[in-house]
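Take a moment to look over the sequence and the 3D structure together before reading on. The paragraphs below are meant to be followed with the structure in view.

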Amino acid sequence: MFRKILIANRGEIAVRILRACRELGIRSVAVFSEVDRKSLHVRLADEAYPIGPAASGESYLRIDKLMDVARRAGCDALHPGYGFLAENPALPRACADAGVTFIGPSAEAMEALGSKTAGRQLARRSDVPSVPGTNDPIETLQQAQALIENIGLPVLLKAVAGGGGKGMRVVNRLSDLAAAFRDASSEAQNSFGDGRVYLEKYLVKPRHVEIQILADSHGRVVSLGERECSVQRRHQKVIEEAPSPLMTSDLRKKMGDAAVRLARAGGYTNAGTVEFLVDANLDFYFLEVNTRLQVEHPVTEQVTGLDLVKLQIAIAAGHRLPFAWETITPRGHAMEVRLYAEDPDNNFFPSPGKILSRHAPSGPGIRLDEGVYEGWTVPNDYDPLLSKLIAWGNSREETIARLRRSLEEYTVTGIKTNAALFRRILAEPEFVRGEIHTTWLDELLLRKHRAPTLEQGSEDAAAIGAAVWQAMQNAAASPTSSSGASEEVPSRWKLEGRKQQVDRTP
Ligand code: ADP
């Protein structure tokens with residue numbers, strides 16, 4: 001087993017990884033930028049090293065600085081977390097050169113599966129169905145037009161290097177193609193330094209269901225079942241759950257087998273996720289592989305009882321996965337909401353600032369993974385994910401009830417959060433019935449505001465709708481309003497008890 005692990009990340013995932021290290025008796029080494037000097041991961045780690053200014057290009061994305069810390073601190077392994085360099089093959093290569101074990105797949109497996117088009121090519125060879133479309137980047141408009149004649153509208157232009165829903169444009173009419181092509185390419189270029197795009201059939205109201213896999217270095221690849229991540233805002237996950245409400249044991253087996261086949265074909269090792277879209281006929285289509293730990297991994301942990309980070313470490317150390325896991329089935333139900341420091345009144349823009357007070361929910365079935373504390377200032381420089389609130393229950397119904405109860409307990413002041421959005425979603429009858437799809441939330445936000453002049457499905461319209469709706473919620477929840485429901489308006493007793501109440505988070 002390793003002695004000391006360098007955690008090449010920050011925030012809640014750095015905290016998550018160092019907790020696993022501590023339970024395994026492995027020393028943890030944190031790195032931090034100037035603005036993260038007082039961050040929780042720095043405080044909790046056994047050792048911590050500065051790696052430069054706030055800009056991630058000068059700190060968390062600098063492989064040379066990470067390797068320098070690994071050498072100075074005497075680390076024998078490195079965990080990349082998610083985001084930053086987690087899917088960059090240059091990191092496992094640099095680790096190999098430095099004699100440090102990378103806790104993740106090999107650089108070759110990352111290349112074989114990591115890019116969307118490479119993944120699609122491998123899926124085709126592995127007999128895994130993909131969304132109809134191209135397996136290579138598109139170079140000209142004529143090429144795109146010819147493809148559209150073949151597969152029909154609507155289509156989706158997607159960045160080859162895509163992530164976080166960036167560099168995607170839906171094309172409903174041929175006349176929109178040229179502008180969409182230009183926009184998708186330039187957004188991809190700005191976000192990823194790679195402007196290449198490809199084209200897929202745009203599935204209408206699909207569900208996003210992904211399979212968590214684990215692969216050891218002795219040839220065993222197992223599926224730990226699915227997570228459903230269909231509640232999305234602008235193609236980004238907002239709520240994740242396991243099992244998927246639509247799942248049958250037959251479909252779970254088929255999707256699990258497809259994911260395992262693909263991982264094997266790519267020579268994959270360690271934890272990974274194979275993402276699919278599922279249509280109304282329960283036909284599934286490969287979307288992409290995430291060659292790393294996912295943000296939403298805790299829901300799988302809650303229904304399998306496994307610790308994915310400890311398993312990642314064990315796999316990297318050469319341990320074998322038990323044979324029995326090839327038939328693992330989920331127990332109970334788990335759901336995660338991503339609490340962000342963002343301002344729903346202002347187009348969900350990040351809302352960094354000092355956390356003046358907070359109350360963390362707890363009690364039966366509740367888990368909170370976070371990298372924040374009272375008095376800490378959320379920096380402006382990174383993804384503003386504050387906390388992942390995860391509930392487990394015997395049934396989906398009990399899980400939703402626990403999540404709602406814990407969201408009522410959750411308070412944070414000084415910054416704005418998206419907590420009110422979850423309180424609303426969890427109360428929506430369609431959500432409670434599990435009748436969700438990937439554009440369900442955007443449509444709900446639009447519907448709530450009755451914005452008939454705005455085109456359905458337009459991202460801008462969804463954002464405007466969300467902002468208007470949120471403003472209405474805030475007005476209704478203000479302490480002077482008599483119409484606010486008790487869950488929205490804290491009582492005077494509660495308010496008195498809160499320190500330095502500046503702004504009640506909606
Ligand atoms: P990213 O890597 O940017 O997250 P993904 O390929 O994982 O992009 O897709 C993110 C989301 O975008 C999906 O969960 C889904 O909501 C939507 N999406 C992607 N491809 C399609 C498609 N072909 N048809 C319909 N929706 C899609």
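What follows is a walk through some strands, a sheet and the surroundings of a ligand. Please keep in mind throughout that this is a predicted model.

A good place to begin is near the start of the chain, where strand β1, made of residues 4-7, runs parallel to strand β2 and is joined to β2 by four bridges. One of the positions at which you can see this pairing is L6, which stands opposite V29 in β2. Between these two strands in the sequence comes helix α1, covering residues 11-24, and β1, α1 and β2 together make a right-handed β-α-β unit.

Strand β2 also pairs with strand β3, residues 47-50, again in the parallel sense and over four bridges. Here A30 has A48 of β3 as its bridge partner. Is strand β2, which spans residues 27-32, mostly covered or mostly open? Five of the six residues in β2 are buried, so the strand is mostly covered, where buried means that under 20% of the relative accessible area remains.

The next stop is another part of the model. In general, the strands of a sheet pair through backbone hydrogen bonds, and they may do so in a parallel or an antiparallel way. An open sheet of eight strands shows antiparallel pairing, and its strands follow the order β13-β12-β9-β10-β11-β14-β21-β19. Its edge strands are β13, residues 284-290, and β19, residues 366-370, each of which pairs on one side only. If direction is ignored, neighbouring strands of this sheet are turned against each other by 25° on average.

At one end of that order, strand β12, residues 270-278, pairs with β13 in the antiparallel sense over six bridges. Within this pair, E275 has E288 of β13 as its bridge partner.

Residue E275 also leads us to the ligand, since an N or O atom in the side chain of E275 is 3.0 Å from an oxygen atom of the ligand. Another oxygen contact involves Q232, which places a polar side-chain atom 2.6 Å from an oxygen atom of the ligand, while K201 has a backbone N or O atom that lies 2.9 Å from a nitrogen atom of the ligand. On its own the ligand has 550 Å² of accessible area, and the protein covers 95% of this.

Which residues come nearest to the ligand? Of the 22 residues around the ligand, these are K116, G165, E200, H208 and Q232. The shell around the ligand receives at least two residues from each of the strands β6 (155-159), β8 (197-201), β12 and β13.

Definitions and conventions:
Residues numbered from 1 in each chain as written. Predicted model: local features only at pLDDT ≥ 70, side-chain atom pairs only at ≥ 80, totals over all residues. Heavy atoms only, no water. Buried < 20%, exposed > 50% of the residue type's maximum accessible area, 1.4 Å probe, protein only. Pairing = 2+ DSSP bridges. Right-handed = clockwise from strand over helix to strand, strands pointing away. Axes fitted to C-alpha atoms, helices over the stretch in contact; angles between N-to-C directions. Near = heavy atom within 4 Å. Polar contact = N/O pair within 3.5 Å; in protein donor to acceptor, adjacent residues only side chain to side chain. Areas by Shrake-Rupley, 256 points an atom, 1.4 Å probe, with all protein chains shown as cover.
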